[in-house]
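Biologist: Before I accept any label attached to this model, I would like to hear the reasoning that leads to it. Shall we go through the labels one at a time?

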Amino acid sequence: MKAIVRDVPASLGRALRRTEPSSPIDVARAARQHEAYVEALMRAGADVIALEADEALPDCCFVEDCAVRAGGTTLVTRPGAPERRAEVDAIAAVAGRHGPVVTMQEPATLDGGDCLRVGRSIYVGLSQRTSAEGAGVLAAVFGPLGYEVVTVEVGDALHLKSVCSALGDERVLLAEGTIPAAAFSGHPVVLVPRAEELGANVVIVGRRALVQARHPAALHAVSAAGFDAIEVDTSELYKADGALTCLSILIDP
Ligand code: CIR
């Protein structure tokens, strides 16, 4: 498996965020945490493709929002935040070397953080970033490839995957009290306490799972599901609302 990542820009302090963090983003620490994340991906067996940061794009390390990948095809998104739209160019260039690429056109908007693929299902969150038109494009691209696209109301969260992630090809790891488990019809849901909301976002690479450090319920859940956990601390990036999945785009062969 390959993983696209993008370095942390020195301008990260100007990244979008929903609330001001209690202390300012320490960009050097964020960059070290990002390096450790990339090392964890490699340790899990991913072949990492690292892109340089673009200082004009303070959110550029949150690559997940720029593309959705399934069945060998990449949908390059039109991110919901206008400030982030130029991030997709660098991602589209790399994706083009790994199979067909479809580019989303206006007025549709969609962030990859709103797309949760579990086996042959893709759940798409309708959020402040992802529009019904964006979800429609997702269905038009991946439906014919054999994926069932199901919309989910995201509620208060920034993205669907701010509160959940795929625990392999069958299960969903979900923070309790956020999205109703019934939204993931047909897929068993494993709950973590609301206090571990960030821990519900894990990255699975083969039999390994990257898990947010200091989230014991999430750690237990991934281990009980049979994955070898690798703990990663991205607390500094979380000050800009980034979780673990948002720092990479996984490319299955
Ligand atoms: C944003 O607000 O767009 C970024 N600061 C954070 C994006 C996080 N993306 C993700 O979880 N997929």
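**Ligand contacts and pockets**

Modeller: Let us start with Leu16, where a backbone N or O atom lies 2.8 Å from a nitrogen atom of the ligand, bearing in mind throughout that this is a predicted model.

Biologist: Why is the approach of Leu16 to the ligand called a polar contact?

Modeller: The term asks for a pair of N or O atoms within 3.5 Å; the Leu16 pair, a backbone N or O atom and a ligand nitrogen, is 2.8 Å apart, and therefore it qualifies. Two side chains can be judged in the same way: a polar side-chain atom of Asp59 lies 2.6 Å from a nitrogen atom of the ligand, and a polar side-chain atom of Arg84 lies 2.7 Å from an oxygen atom of the ligand. As for cover, the protein hides 98% of the 350 Å² of accessible area that the ligand has on its own.

Biologist: Which residues come nearest to the ligand, and how is the shell around the ligand divided by class?

Modeller: Of the 13 residues around the ligand, Asp59, Asp65, Arg84, Arg129 and Ala240 come nearest, and by class the shell has 4 nonpolar, 3 polar and 6 charged residues.

Biologist: What makes you say that the ligand "sits in" a pocket, and which pocket is it?

Modeller: The phrase requires that more than half of the atoms of a molecule lie within 2 Å of the grid points of the pocket, and the ligand sits in the second largest pocket. That pocket holds about 430 Å³ of space and is lined by 27 residues, with Leu158, Ser162, Tyr238, Asp241 and Gly242 nearest its centre. Its lining has 9 nonpolar, 7 polar and 11 charged residues.

Biologist: What, then, is known of the largest pocket, and which strands supply its lining?

Modeller: About 830 Å³ of space lies in the largest pocket, whose lining of 37 residues has Arg117, Ala166, Ile204, Leu250 and Asp252 nearest the centre. At least two lining residues come from each of β3 (67-70), β6 (115-118), β9 (164-167), β12 (203-205) and β15 (249-251), and by class the lining divides into 19 nonpolar, 9 polar and 9 charged residues.

Biologist: Where in the backbone is there a cis peptide bond, and which residue other than glycine has a positive phi?

Modeller: The cis bond joins Glu106 and Pro107, with omega about 10°, and Pro107 is placed in the loop between β5 (101-103) and β6. The positive phi, near 65°, belongs to Arg214, which lies in the loop between β13 (208-212) and α4 (216-224).

Terms used:
Residues are numbered from 1 along each chain as its sequence is written. This is a predicted model: local features need pLDDT of at least 70, side-chain atom pairs count only at pLDDT 80 or more; totals for chains, interfaces and linings use all residues. Side-chain values use heavy atoms; hydrogens and water are left out. On a 1 Å grid over the protein atoms alone, a cavity is a set of points where a 1.4 Å probe fits but cannot get out, and a pocket is an open set with protein on both sides within 12 Å along at least five of seven lines; lining residues have an atom within 4 Å of a point. Grid points are joined across faces, edges and corners, and a volume is the space filled by probe spheres set on the points. Helices (H or I, at least four residues) and strands (E, at least two) are DSSP runs, numbered from the N terminus. Ala, Val, Leu, Ile, Met, Phe, Trp, Tyr, Cys and Pro count as nonpolar, Asp, Glu, Lys and Arg as charged, and the others, Gly among them, as polar. A residue is near a molecule or strand if one of its heavy atoms lies within 4 Å of it. A polar contact is a pair of N or O atoms within 3.5 Å; within protein, one must be able to donate a hydrogen and the other to accept it, and residues adjacent in sequence count only if both atoms are side-chain atoms. Accessible areas come from the Shrake-Rupley method with a 1.4 Å probe; for residues, only the protein chains shown count as cover.
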